[in-house]
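Got your viewer open and your mouse ready? Let's take a short walk through this model, one selection at a time.

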Amino acid sequence: MSIFYLEGISKTYKSGNSVTKALSDITLSFPNSGLISIVGKSGSGKSTLLNILLGIEKPSKGSVYFNNEKINRFSKAKFSVYHLYYTSMVFQHYNLFDDLSPFDNVALPLKIRGEKKDIIKKKVNELFSKFHLNYLINQKTSTLSGGERQRIAILRSLVTSPKVILCDEPTGALDSINSSEIMNLFKEISKSILVIMVSHNLEIVNKYSDRIITLKDGRIISDTSPIYKTRTFVNKIKKNYSNKWTNFFLRKNLKENKHKNVFSILSLIFGFLAIMISVGFYNGSKSSESNMLFSNLACETMSVSEKNLYKVNNSSLSYIKSTRPSEEIMDEFHNIFPNTIIDFNYGYLFSSFPETSFNKRIIDSPEMIPIYSFNNNSILNELVTLGEIPLNDNLNEVVVNEEFISLLGIDKSDALSEEIYISFSKEVSVLTDDLDNPIIKDTYSYSLNLVIKAVIHEFSFLNSPKIYYSHLALKEDLSNYIMENLSTYKNKVITFNDYMYECSSDSEISNYSYNVFSSDKEEIRKLSNYKSELDKNENGLSITSNAFEISNSYTSFMDSFSSALIVFVSIAFVGVNFILGMLALSSFISRKKESAILTCLGAKDISIISIFLKENYILIFVAFLIASALSCPLSILMNLVLEKSFGLTSLIKIPYLSFLNIPYIFLPLLLLVFIFVSTLFLLIPILIYKNKSTVNELRDE
Ligand code: ADP
């Protein structure tokens, strides 16, 4: 009866243009027991035949039947069972694991099977006793002699009670005494099971073999007792499998890869932190974008003008002219935005910079921004960091921002006792139809000692020194200011404010616009959105506000920064996973021999790869914990630096508590994504590599 039946086996290797025929049309049967030797010159195809029987190489043509099953159709899982329960391999160079004791080397296949500890112990001890090798049990594997190692390797091949033992030059590295002893051992074993041995030691082969098959150039040139039966008797066995044994190799790898692992952890920490901080930045910048509008008191003051596009005759050029909108339009505007106050824009008076001095020293002119009234102003209230908001609207009592205090070069705490002298005079020219008096000129002069009543903290991105004065106070002043020359000419009392009513919509004095004031946040946000809509049209109303401009610049700055950040984060993410995958692959490659031996012992590919995957997961987890702990202080530090350098407050807010509206999801999600991607980066190259490596590794011998 035969356990193996080979039918028309051929094996061809192609590399580049050269084709090597390692085996040609081999038909053979092997019985269930006996010692059968395969001999032939080097290159005759012996190892190829053995590898095909072991299943680590597939024939190019023909079929191999084991126990009546076609093994070249076996799945990977079935091959594991085949190696773990039916066949064992003994190598010329033993292929023991030096880090495992002789006992553990022999026990390894049973551990892979997932056998219980006490059963393993019993079986292994029995085996050592049966072959009188007890004295080797607790020695260090690395100190054993070649003969002793081969004995341990033979015990390892027997421990699974296989039906076939395949031996590749088992005495090739041994002296003659040891060779004889090993061959006696095989002879003994071959009484109950089949031993197939590749050897070119003809003396040994002739002395011990029951049958000798000679190969030449891949063909059988002689077979001392050929048999051709295909019936078999191997009983089905209940198959177990365990993964626990991988922990030993995992611990070993972790220990041996110390430097690599430290490097991996560092790059992972970098990757995790880059992502945490970047997402924190994105999160923080979005919330600062929505809050920053109200962190600038100028958001309360807008000007509304009407723009008209004019084409230049006979040219492709055009220009936009702004005018003060009509009262009807502004009434309509007020209907849309009822929580606003619409009034004249006196900006013309400030259009040339007023002379400003502090302690008799001329300073850069700040922006003069009107606030409708200091009374009952909630946004102003929120921003005040020093002093008190003036109770009444007086022209000489102002509120300033911190940027203005820096301009003065004094301490914020001293600001309240300081006075700023500000003066300017503006010529107001009125054109008439009268040829004798075509231009009437009046001059409005303003010179005051301004008292700082309060200092406000504004979002300092692109912000400039600002003095906020009361619009109502200025209006009062301008209602009392009589334009003397114009009054004389018109023969009636005309104040500046009266003239604001009279002047035409395209007069400079109208400042081509109305002021719109609001301290209602909801209304301001609506106006800001409305502004964006209006900006799309070439004709019609247009809204401007210092705060809106800053807010829009900030938003577009943040948007472009965020896009750049996405690229950076993607590179960091892919890069770190790539490094990790490559390091794991290099660790796998440096242990490919180990993997090949384990495969021959019946370990599944996935279990072998799981050793490297688990190693990666441990690194990821350790790096994740360190990065999570570091992320909080790092974001605080970066926020401090950003605030100091750019005035951007709380810009990095890592969403620990809520992300995509799901509580506490951010960190676990980040960990899962890393695990998933790193698994891919590791699995793909290893799987590609693994398929090619087993045979080559064992052939290296
Ligand atoms: P033996 O074990 O008898 O020395 P092998 O089975 O190793 O012979 O090789 C048989 C033939 O196949 C040889 O000519 C060898 O060069 C060739 N061969 C073996 N493995 C490969 C391979 N992976 N690629 C190309 N040729 C190979």
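Before you click anything, one term: a residue counts as buried if its relative accessible area is under 20%, and as exposed if that area is over 50%. Keep in mind, too, that you're looking at a predicted model.

**Stop 1: a helix on the inside.** Select residues 46-54, which make up helix α1. Of its 9 residues, 8 are buried, so the rest of the structure largely encloses this helix. Want to see which ones? Click on Lys46, Thr48, Leu49, Leu50, Asn51, Ile52, Leu53 and Leu54: they are the buried ones in α1. Now step on to Gly55, which follows α1 and has a positive phi, near 90°.

**Stop 2: the sheet beside it.** Keep α1 on screen and add β1, β2 and β4, because the helix lies across these strands, running at about 120° to β1. Add β5 as well and you have an open sheet of 4 strands, in the order β2-β1-β4-β5, with antiparallel pairing. Which strands are at the edges? They are β2 (18-31) and β5 (69-70), and each pairs on one side only. What holds such strands together? Strands of a sheet pair through backbone hydrogen bonds. Zoom in on β1 (residues 2-15) and β4 (residues 61-66), which pair over 5 bridges. Here, Tyr5 stands opposite Tyr65 in β4.

**Stop 3: rings.** Time to show the aromatic side chains. How many aromatic pairs does the structure hold? It holds 34. Try Phe248 and Phe249: this pair is edge-to-face, 5.1 Å centre to centre, with 85° between the planes. Is Phe249 buried or exposed? Phe249 is buried, with a relative accessible area of 1%, whereas Phe248 is partly exposed, at 23%.

Next, select Phe459 and Tyr554. Their ring centres are 5.3 Å apart and their planes are at 90°, so this pair is edge-to-face. Phe459 sits in the loop between β20 (439-456) and β21 (466-470), while Tyr554 is in helix α17 (residues 546-590), so to speak a long walk of 95 residues along the chain. Both Phe459 and Tyr554 are buried.

For a bigger group, highlight Phe4, Phe30, Phe66, Phe74, Phe79, Tyr82 and Tyr86, which ring pairs link into a cluster.

**Last stop: charges over rings.** Stay on Phe30 and show Arg211, which lies over the face of that ring, at 5.7 Å from its centre. Then jump to Tyr348, where Lys426 lies over the ring face, at 4.8 Å from the ring centre.

Technical notes: Residues are numbered from 1 along each chain as its sequence is written. This is a predicted model: local features need pLDDT of at least 70, side-chain atom pairs count only at pLDDT 80 or more; totals for chains, interfaces and linings use all residues. Side-chain values use heavy atoms; hydrogens and water are left out. Buried means under 20% relative accessible area, exposed over 50%, partly exposed in between (1.4 Å probe, protein chains only). Helices (H or I, at least four residues) and strands (E, at least two) are DSSP runs, numbered from the N terminus. Two strands pair if DSSP finds at least two bridges between them. Contact means heavy atoms within 4.5 Å. Axes are lines fitted to C-alpha atoms, for helices over the stretch in contact, and angles run from 0 to 180 degrees between N-to-C directions. Rings of Phe, Tyr and Trp (its six-membered ring) pair if their centres lie within 6.5 Å; planes under 30 degrees apart count as stacked, over 60 as edge-to-face and the rest as tilted. A charge sits over a ring if NZ of Lys or CZ of Arg is within 6 Å of the ring centre and within 35 degrees of the ring normal.
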